[in-house]
Amino acid sequence: MAFDIPAVPGFAFGGDYSAEQWPEPVWVEDVGLMKTAGVNLATVGVFSWALLETAPGRYEFDWLDRLLDLLAGHGVAVDLATATASPPPWFSHAHPESLPVGPTGTTIWYGSRQAYCPSSPAYRTAAARLVEQLATRYAGHPALAMWHVNNEYGCHISRCWCDISAAAFRDWLRNRYGDLAGLNAAWGTSFWSQRYTDWEQIIPPRDTPSYPNPTQQLDFHRFSSDELLACFRVERDLLHRLSPGVPVTTNFLGGLWDLDYWAWAREVDVVSMDHYLIAEHPQPYADLAFVADLARSLAGGRPWALMEHATSAVNWQPRNLAKPPGRLRRDSLAHVARGADSVLYFQWRASKAGAEKWHSGMVPHAGTDSKVWQEVVALGAELGALAEVVGSEVVADVAILLDWSSLWAQRQPSQPSVDLDPLAVIKGWHAALTEATITCDLAHPESDLRRYRLVLAPALYLVSDAGAANLTGFVAGGGTALVGPYSGVVDDNDHVRLGGYPGAWRDLLGVRVQEHFPLPAGARVALTDGGAGSVWTELAVPTDAEVLTGYADGPLAGSPALTRRAHGAGTAYYLTTLLAGAHLRDLLTRLARDAGVTPVLPDPPEGVTAVQRRHPDGRGYTFIATDGPTAPTLTVRRDGDPAAGTAPVGAAPPVASA
Ligand code: GLA
């Protein structure tokens with residue numbers, strides 16, 4: 001699952017190369033420029049199905065032959081796309097039943113990209129046929145370093161509500177539940193007269209007068225993720241068979257929450273992630289850190305591939321802000337700090353036509369006499385000088401539990417408060433740790449947690465019995481856990497765990513919550529330690545726990561906000577409200593310290609973040625970034641260098657420090 005492709009021994013540097021958009025003389029110029037910039041990996045052919053198969057079964061590979069030969073001849077390895085992300089118009093026209101359909105029954109047409117139903121047999125067959133051709137033809141090509149299946153599965157179409165999907169959903173449900181009695185029980189269909197008596201009655205959660213059944217919606221999310229994963233598997237298996245030994249990836253998308261990436265990560269040879277800064281995000285680098293840490297966690301802690309990010313502006317935000325000088329380097333190395341062993345962009349050359357013509361590239365419209373190009377060339381040289389970092393790993397002693405089923409279940413309507421967004425809570429806790437320079441992983445609730453000292457469940461509304469027992473076992477074995485509000489309240493079917501919340505961990509925490517008390521919009525409650533809670537409170541009664549902080553005012557004055565209970569060799573904390581800013585950071589820092597976790601910097605000034613990577617032989621590197629609005633800096637230092645102490649790594653300053 002790690003990014004380790006023999007054809008590219010150092011950092012992989014490059015990006016999507018949409019050569020099909022340019023006449024061949026430009027290719028010749030491109031390979032020269034790639035050499036100048038130190039580009040060693042190009043992702044080729046992502047959106048070229050229409051040019052590779054111009055009519056059913058009529059393949060035109062000559063241009064791709066010439067392109068791969070040219071790249072190989074100039075020392076640029078290729079991450080070769082299977083080109084299945086965008087079926088050509090001839091295909092969609094001939095197979096209108098393959099077009100995706102929305103929940104209201106509206107057909108989503110071709111003329112853009114990704115217009116296919118994941119369950120469509122016609123799409124799957126045509127895609128497999130193309131992959132077979134590509135794999136057979138290029139398996140032995142000297143440029144081939146990796147296969148790139150499809151592109152950002154689910155980015156535009158992650159679910160389809162058509163009749164073909166409905167039939168596939170029924171098959172998936174038969175497989176999950178065996179019989180209708182099982183399905184009716186799991187979906188709680190005694191509610192609102194929803195009992196099913198024949199499989200044919202079951203449909204995806206289409207547009208309904210009021211809320212569709214919550215478990216039906218949850219299962220439809222699970223099915224849809226599995227359905228796209230099945231598309232991936234078809235391609236991957238063909239590639240493994242016809243092109244043995246060449247790693248297969250598909251690029252995940254940071255910020256897409258429709259695919260259960262834990263399940264996907266088990267299926268890819270290389271975890272690769274795309275990330276785009278949201279220019280007007282209040283904390284853009286907190287978001288970057290979160291996605292990079294997620295990518296590393298999906299890769300099991302090993303180096304991962306940053307497959308796409310932008311040299312400057314994108315084209316799809318309301319205001320596409322260009323990156324000021326220095327940001328290109330800072331953003332790219334921020335991913336490296338968190339375990340990326342590649343710096344790849346969308347895309348090599350900015351397009352001249354099409355919907356993305358205002359998206360930046362490594363070669364901008366202005367050409368090489370430009371800020372972007374100069375920064376690209378400088379970064380290519382710097383990555384060469386940083387090559388010793390490749391293969392080192394980020395070590396984290398803290399994990400945040402994250403589960404897609406829980407997100408899908410909680411993010412439905414008809415929850416107690418629209419203000420309690422689980423993802424915002426999870427990201428808030430992650431950001432607080434990042435500010436404290438405490439490195440953390442994301443972890444599946446059922447994964448092996450023993451390598452961590454502190455495990456946080458900021459927002460785990462749904463947890464399976466196995467996940468609940470896993471956290472309890474982690475604490476019993478000596479770990480420290482902090483459970484956030486409204487966690488552990490429902491089971492795998494989104495049924496309430498009765499007898500007082502949080503049913504999954506009442507005994508572990510020694511707390512019994514009688515009732516949830518969400519707060520009115522913008523309201524705050526005072527806490528006995530001088531802090532404040534927002535969004536959410538709970539009427540909790542300690543049954544076997546020490547109350548550390550209570551509510552000082554509001555309807556719950558006197559009841560607990562933060563509790564602690566010793567369990568086995570460890571300690572379990574429960575927080576019944578949301579803390580913000582310094583209060584959250586202080587709590588997490590205190591718990592981390594008590595659990596024996598050392599921050600990278602003992603007392604980081606505001607706006608400074610730091611991460612360490614280390615080789616198994618002990619050689620380590622500290623990446624320190626400052627996030628000022630105008631002058632971002634990022635320094636890479638070699639840890640424990642006997643000659644220079646914390647000398648910057650690289651050829652010479654300011655190579656690794658700006
Ligand atoms: C995604 C896609 C690319 C491109 C970029 C633009 O990441 O994979 O093809 O559309 O977005 O930011």
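Here are some questions and answers about a predicted model.

Reader: Let's start with strand S6; how many of its residues are buried?
Author: S6 covers residues 144-148. A residue counts as buried under 20% relative accessible area. The strand is mostly covered, and the buried count is 5 of 5.

Reader: Which residue in S6 is the bridge partner of Asp79?
Author: Strand S5, residues 77-81, pairs with S6 in the parallel sense, and there are 4 bridges between them. For Asp79, the bridge partner in S6 is Met146.

Reader: And on the S7 side, what is the bridge partner of His148?
Author: S6 also pairs with strand S7, residues 248-253. That pairing is parallel too, over 2 bridges. In S7, His148 has as its bridge partner Thr249.

Reader: Just past S6 there's a loop to helix H6; is Asn150 buried or exposed there?
Author: Asn150 sits in that loop, between S6 and helix H6 (163-177). Its phi is near 50 degrees, a positive value in a residue other than glycine. With a relative accessible area of 1%, and the cut-off being under 20%, Asn150 is therefore buried.

Reader: Ser414 has a positive phi as well; what is its relative accessible area?
Author: Phi of Ser414 is near 65 degrees, and the residue lies in the loop between H13 and helix H14 (422-435). Ser414 counts as partly exposed because its relative accessible area is 46%.

Reader: Staying around H13, why does Gln410 count as buried?
Author: Gln410 belongs to helix H13, residues 404-410. Beyond its neighbours within four places in sequence, Gln410 contacts Gln415, Leu420, Pro422, Tyr461 and Tyr486. It counts as buried because its relative accessible area is 5%.

Reader: What nonpolar surface patch does Tyr211 help make, and what is its area?
Author: Tyr211 is in the loop between helix H7 (180-187) and helix H8 (214-242). At 42% relative accessibility, Tyr211 is partly exposed. Together with Phe191 and Trp192, Tyr211 makes a nonpolar surface patch of about 370 Å².

Reader: How far does helix H5 reach from its first C-alpha to its last?
Author: H5 runs over residues 121-138, which is 18 residues. Its buried residues include Ala122, Leu130, Val131 and Tyr138. At 1.5 Å a residue the expected span is 26 Å, and the helix comes close to that, reaching 26 Å.

Reader: Which residue follows Tyr501 across a cis peptide bond?
Author: The bond in question has omega near -15 degrees. The residue after it is in the loop between strand S15 (480-483) and helix H16 (506-509). That residue is Pro502.

Conventions:
Residues numbered from 1 in each chain as written. Predicted model: local features only at pLDDT ≥ 70, side-chain atom pairs only at ≥ 80, totals over all residues. Heavy atoms only, no water. Buried < 20%, exposed > 50% of the residue type's maximum accessible area, 1.4 Å probe, protein only. Pairing = 2+ DSSP bridges. Patch = residues over 30% accessible without salt bridge, like charges linked within 9 Å, V, L, I, M, F, W, Y side chains within 5 Å. Areas by Shrake-Rupley, 256 points an atom, 1.4 Å probe, with all protein chains shown as cover. Salt bridge = Lys/Arg side-chain N within 4 Å of Asp/Glu carboxyl O. Expected span 1.5 Å × (residues − 1). Contact = heavy atoms within 4.5 Å.
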